[in-house]
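Please take me through this model stop by stop, stating what to select in the viewer and what is to be found there.

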Amino acid sequence: MTEEKKTEAGTVPQNKKSKLHILKRLIKYVFEYKLLLFAAFVLMIVSNLLALVGPQLSGKAIDAIELGPGNVDFDTVFLYCGLMAAFYALSSLLSYVLSVVMTFLSRRVSARLRSELFNKLMTLPVKYFDKTQPGDIISRISYDIDTINTSISTDILQICSSVITIIGALIMMIMISPPLVLVFAVTVPMAIVFTCYKSKKIHPLFRRRSAKLGELNGYTEEILTGHRTIKAYRREDTMSERFDGYNDEAVEAYYHADYQGSMIGPTVNFINNLSLSFISAFGSILYIMGSISLGNISTFIMYSRKFSGPINEMANIISELQSAASAAERVFRIIDEEPELPDEKDAYLLDSPDGNVRAENVRFSYEEGREILHGISFEALKGKTVAIVGPTGSGKTTIINLLLRFYDIDSGSIKFDGHDVRGVTRDSLRSAYTMVLQDTWLFGGTVAENIAYGKEGASREEVVEAARAAMIDGFIEGLPDGYDTVITEDGINLSKGQKQLFTIARAMLPECVVLILDEATSNVDSRTERKIQAAMKKLMEGKTSFIIAHRLSTVQNADVILVVHDGIIEEAGTHDELLASGGFYASLYNSQFS
C-alpha cells in the first residue's frame, strides 16, 4: 500500500501522454518478434480483404434476381453465392490461423515480460521488499501480465483488423454511393467523441481496480502465512471481517470500472444503428430517383455494417485496453524501479579476505528523520567471536544488514580488511559471509539440493559431511529416500527445529571467513542446542563470527559482547567483565537466570 500511495502521489504520470507512452512501450515488446508479426499482418490483410469481397458478390446476386420473376439468371445467382461462401470460408480459415499466431506471439511477449520482471526483482535492494507486500508483487507477475497477454492476443488483433475493415468498407461505400457516405459524417464523430470522453474517465478506475486487487492478494498472502497464529488466538472471525473489507473494496473497484466501461459499447452501438436508419431512408429515396440499384443498396448496407461494426467493437474493447494499460503500468513500475546501486568503477575485489571488520561512528536511519543507530563503533578481528545482544528493536539485526550492505550507512564507516565496504564489490563482500537466520527458508526440492544451495557444485560427500556436522544426518537417513527425499515448498512437512538444522547445514558448506548467526538456535530444544553449539564451535574455527542472540547462554564464550540499547552500544566486554560491571547486560542476564 505504501508503494501504491507513493505512485499515485506523482511518481507515475497520469495524463493521456503517459498512457500513450505505456501502450507504445508495450507494443515495442510485440515488435521484437518481427517474423511472427509480419505473418500476422499478412494473414490479417488477406483475411479482411476476402471478407470485404462478400458484400460485393451478394449485391451482384441480388441484381441478378431483380431482373424479374421470369428473368432470374439462376446460374449467375448460384455462382455469386458459391463464390461468396468460398471467400467467407477462406477468410474464416485465415482468421483461425491468425488467432493461433497471435496467441503464440502473446505468450512469447508475456513470457518475456515475466522473465524481465523477475530478473528485475533479483536486482532490487532489500528495502524494496521491506516496503512492498509479496502478494502485490505476485499479483503483478500473474494477474497483470495475464491481462496484458489477453489484450495482445485479442484486443490489439481486433483493433488492427478493425482498422483494415473500416478503411476497406469506406472505400467500397464511396465507390457505390458517395451521397450515402455523408451519413457517417454525423454518426462517426458522435461515436468518437463519446468514446474518448468515457475512456478518459475510466482509466483511473482501472488503475484503482488493479491496485485494490494487489492489496487483496497481499492481505491473503499474509493471512495464509500466519494461519496457525490466527487459529491459536481464535481470530478467524476478525480476519474474515478484515478480508471482507479488502474484498468489498476490490469488488467495488471492479464494479465501478466495469460499469463505466460497459457503457461505451451499447451507446456506440445505438449511434451506429441510427446510421443504418438514415441509410435505409436516404437509400430508398435514391432508389426511387433511379440513382442506385436495389443490389447496391443491399451491398452498401452490408458494408455499412462492416464499417460501423468494428467501430462498435473497438468501443467495447476500450475498457479492456484501459485494464491492460493499468496492468502494464504496474508491471513497468517494478521494471523501472531503481536497482541496487552499482559498484563503483574502481571497486575493490576481496579475492583473499581475512575477515577483519571495523565500524566507526556509524549512523543509520531507514526513514529520514528517524535514526536507528546513533554513532556505534566496534571491531571484530580475524578469528574472533563478537556477540550482539540487547532488547528487541535495539538495532541488532540492522547492524547485520549494514555489514552485508543490504542498506548503506548514513555516515561513518564500516571497513572490511581496512577497505570501506562502500568501495568493495558487493559480490566479493557477501561471498565472504555465510549466515544462519532466525527465519528459515527452504525451497521445493530434495534434501541434498536444499543443503547444497550454500555452495554451488557441492558434491554429495560435502553435503553429507555438512549434515553430519549440523547433527541432522540421523534424521535425513531415516527419511524414505534419504538425501533424495523431496521437501515441499518452504519445508511445511518439517518442524521449525528441523528446518533450522537444514539451514545450519547449508551454512557449513561455503568457505567463508565471516559467520553470522542471527538467533540460529532459537527454534531448537536445549539438548539439540548444545549439540549444535559443539558443531558451531568447529564451524567458527578460524572465522570471524557475529552472534545475535536473546538467550545469553549462547554468547557467554564470545571474545567480546556488544550490548546494544536504543541504537547505541551501551556496554562492551567479555561475559565476566560485563557481569562484574553490574550494568545493563548484568540485568539482562539476571532476568534470564535468576
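Begin by selecting helix α14, residues 396-403, in this predicted model. Helix α14 lies across strands β3, β6, β9, β10 and β11, and it runs at about 150 degrees to β10.

Next, display the sheet beneath this selection by choosing its 6 strands, which follow the order β6-β9-β10-β3-β11-β12. The sheet is open, and its pairing is mixed. At the edges stand β6 (433-436) and β12 (568-573); each has a single partner strand, so one side of each is left without a neighbour in the sheet. On average, neighbouring strands of this sheet are turned by 20 degrees against each other, direction ignored.

Within the sheet, select β3 (residues 385-389) together with β11 (residues 560-565). These two strands pair in the parallel sense, over 4 bridges. Val389 can be picked out here, standing opposite Val563 in β11.

Then move to Lys543, in the loop between α20 (526-539) and β10 (544-548). Is this lysine, Lys543, buried or exposed? Lys543 has a relative accessible area of 13% and therefore counts as buried, the limit being under 20%. Leaving aside neighbours within four places in sequence, its contacts are Gly383, Lys384, Cys512, Val513 and Leu515.

The following stop is Thr446, in strand β7 (residues 445-446). Thr446 is likewise buried, at 16% relative accessible area. Select Tyr483, Asp484, Thr485, Val486 and Ile487 as well: Thr446 is in contact with these residues, its neighbours within four places in sequence being left aside. The C-alpha atoms of Thr446 and Ile487 are separated by 5.6 Å, although the two residues are 41 residues apart along the chain.

Now turn to the charged side chains. Side chains of opposite charge can pair when their charged atoms come close. How many salt bridges are counted in the model? The count comes to 24, and three of these pairs are visited below.

- Select Arg25 and Asp336, whose closest N and O atoms are 2.7 Å apart in a salt bridge. This pair links distant parts of the chain, with Arg25 in helix α2 (residues 16-31) and Asp336 in the loop between α13 (318-335) and β1 (357-367), 311 residues apart. Asp336 is partly exposed, with a relative accessible area of 44%.
- Select Arg330 and Asp144, a salt bridge in which the closest N and O atoms are 2.7 Å apart. Arg330 lies in helix α13 and Asp144 in helix α6 (residues 134-176), so the pair ties together parts that are 186 residues apart in sequence. Both Arg330 and Asp144 are buried.
- Select Glu340 and Arg430, whose side chains meet in a salt bridge at 2.8 Å, N to O. Because Glu340 lies in the loop between α13 and β1 and Arg430 in helix α15 (residues 426-430), the pair ties together parts that are 90 residues apart in sequence. Glu340 is partly exposed at 21% relative accessible area, and Arg430 is partly exposed at 24%.

Keep Glu340 and Arg430 selected and add Asp343, Arg405, Asp408 and Arg426: salt bridges that share partners join these residues into one network.

For the last stop, select Tyr96, in helix α4 (residues 74-123). Tyr96 is exposed, with a relative accessible area of 54%. Adding Leu90, Leu93, Val97 and Val100 to Tyr96 completes a nonpolar patch on the surface, with about 460 Å² of accessible area together.

Conventions: Residues numbered from 1 in each chain as written. Predicted model: local features only at pLDDT ≥ 70, side-chain atom pairs only at ≥ 80, totals over all residues. Heavy atoms only, no water. Patch = residues over 30% accessible without salt bridge, like charges linked within 9 Å, V, L, I, M, F, W, Y side chains within 5 Å. Areas by Shrake-Rupley, 256 points an atom, 1.4 Å probe, with all protein chains shown as cover. Salt bridge = Lys/Arg side-chain N within 4 Å of Asp/Glu carboxyl O. Buried < 20%, exposed > 50% of the residue type's maximum accessible area, 1.4 Å probe, protein only. Contact = heavy atoms within 4.5 Å. Pairing = 2+ DSSP bridges. Axes fitted to C-alpha atoms, helices over the stretch in contact; angles between N-to-C directions.
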